[in-house]
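Trainee: I should like to learn how to read the features of a structural model in an orderly way. May we work through one together?

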Amino acid sequence: MDKYEIIKKIEEFAAPQSAEAWDCSGWIIETDRHNVKKIMLALTITDNVVKQAKEQNCDMIISHHPLLFVPMNYNNIDIYCAHTNMDKAQGGTTDKLIATIGLPKGSFCGDFLRIIEYETTVNELIHRFSKLSRNLRFVNNKGVKSIKRIAFCAGSGSEFINEAVENNCDAFVTGDLKFHTAVESPIVLFDIGHFESEINILDVFKSLIPPDTEVVKAAESSPFRQIKS
């Protein structure tokens, strides 16, 4: 299928003009090839992902995280990224995270934050999130036991904690917390890992690609490893 028709479907879902000014979403490498038969989906483009794509005879890579520097040996494969525009899109990264966890659909708050009303306990959320992420960390400075209102931001969301507090949330779920954010937090925080919070967006990408084009997912995992005692 024509690669531009495929990207048109992605951009209809996640408008490129909604991406942050600093973001490098869009075409990273655009070859002269128009027709693509096989696409690899990846959260993050690395040398290993490009190697996998070439070994599996993929014509194109579609990823969530963009590249800031493009090595020369990448120049013979089309690469397209949808990053902050996919974060903001309805049904995008944060909405997909909430759906994957099995919680009710969230309402928009600002560009990136989603808020849900969900009465539960901190322990129930720990149990639920630990099924998704082996790298789960949480902060509970005030010893809270019950939760009624939860804010979500997939990926790196430390900067949105104040917005969660201002919207009377009891907890904030993200994928990449900073130390001082954790120390000072007046609400419960859950850090489920950047990779774990966003990897399921590949299923959204796949759903947007017409069935006549073969799609494979890159073999990826979180770079963090647990030390077993």
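Mentor: Certainly. This is a predicted model, and we may begin with burial. A residue counts as buried when its relative accessible area is under 20%. In strand 2, 6 of the 7 residues are buried, so this strand is largely enclosed by the rest of the structure.

Trainee: In what order do the strands of the sheet stand?

Mentor: The open sheet consists of 5 strands in the order 1-4-3-2-11, and their pairing is mixed. Strand 1 (26–29) and strand 11 (214–217) each have a single partner strand and stand at the edges, so one side of each is left without a neighbour in the sheet. On average, neighbouring strands of this sheet are turned by 25° against each other, direction ignored.

Trainee: How many bridges join strand 2 to strand 3, and how many join strand 2 to strand 11?

Mentor: Strand 2 (residues 38–44) and strand 3 (residues 60–65) run parallel and are joined by 5 bridges. Within that pair, Ile39 stands opposite Met60 of strand 3. Strand 2 also runs parallel to strand 11, with 4 bridges between them. There, Leu41 has Lys217 of strand 11 as its bridge partner. As a general idea, side chains in a regular strand alternate between the two faces of the sheet.

Trainee: Which strands does helix 1 touch, and where does helix 2 lie?

Mentor: For a packed helix, one reads both the contacts and the angle. Helix 2 (residues 47–55) lies across strand 2 and strand 3, and runs at about 165° to strand 2.

Mentor: As to the other helix, we return to the pair of strands 2 and 3, which 5 bridges join. Helix 1 (residues 3–13) packs on the sheet and touches strand 1, strand 2, strand 3 and strand 4 (78–81), while its direction makes about 20° with that of strand 3.

Trainee: Which residues of helix 4 are buried, and what follows this helix?

Mentor: The buried residues in helix 4 are Thr93, Thr94, Asp95, Leu97, Ile98 and Ile101. Gly102 follows helix 4 and has a positive phi, near 90°.

Trainee: Is Gly91 buried or partly exposed, and which residues does Gly91 touch?

Mentor: Gly91 belongs to the loop between helix 3 (84–88) and helix 4 (93–101). With a relative accessible area of 28%, Gly91 is partly exposed. Not counting residues up to four places away in sequence, Gly91 touches Phe13 and Val204. By contrast with those contacts, 24 Å separates the C-alpha atoms of Gly91 and Asn168, which are 77 residues apart along the chain.

Trainee: What volume does the largest pocket have, and which residues lie nearest its centre?

Mentor: For a pocket, one takes the volume, then the lining. The largest pocket has a volume of about 430 Å³. Its lining comprises 22 residues, and His194, Phe195, Ser222, Pro223 and Phe224 lie nearest the centre. Strand 2, helix 2 and helix 8 (194–198) are the elements that give two or more residues to this lining. Helix 8 provides the largest share, 3 residues. By class, the lining has 7 nonpolar, 10 polar and 5 charged residues.

Trainee: How many residues line the second largest pocket?

Mentor: The second largest pocket, with a volume of about 250 Å³, is lined by 15 residues, of which Trp22, Thr84, Asp87, Phe112 and Ser156 lie nearest its centre. Helix 3 and helix 8 each supply at least two residues of that lining. Its classes are 5 nonpolar, 6 polar and 4 charged residues.

Definitions and conventions:
Residues are numbered from 1 along each chain as its sequence is written. This is a predicted model: local features need pLDDT of at least 70, side-chain atom pairs count only at pLDDT 80 or more; totals for chains, interfaces and linings use all residues. Side-chain values use heavy atoms; hydrogens and water are left out. Two strands pair if DSSP finds at least two bridges between them. Axes are lines fitted to C-alpha atoms, for helices over the stretch in contact, and angles run from 0 to 180 degrees between N-to-C directions. Contact means heavy atoms within 4.5 Å. Buried means under 20% relative accessible area, exposed over 50%, partly exposed in between (1.4 Å probe, protein chains only). On a 1 Å grid over the protein atoms alone, a cavity is a set of points where a 1.4 Å probe fits but cannot get out, and a pocket is an open set with protein on both sides within 12 Å along at least five of seven lines; lining residues have an atom within 4 Å of a point. Grid points are joined across faces, edges and corners, and a volume is the space filled by probe spheres set on the points. Ala, Val, Leu, Ile, Met, Phe, Trp, Tyr, Cys and Pro count as nonpolar, Asp, Glu, Lys and Arg as charged, and the others, Gly among them, as polar.
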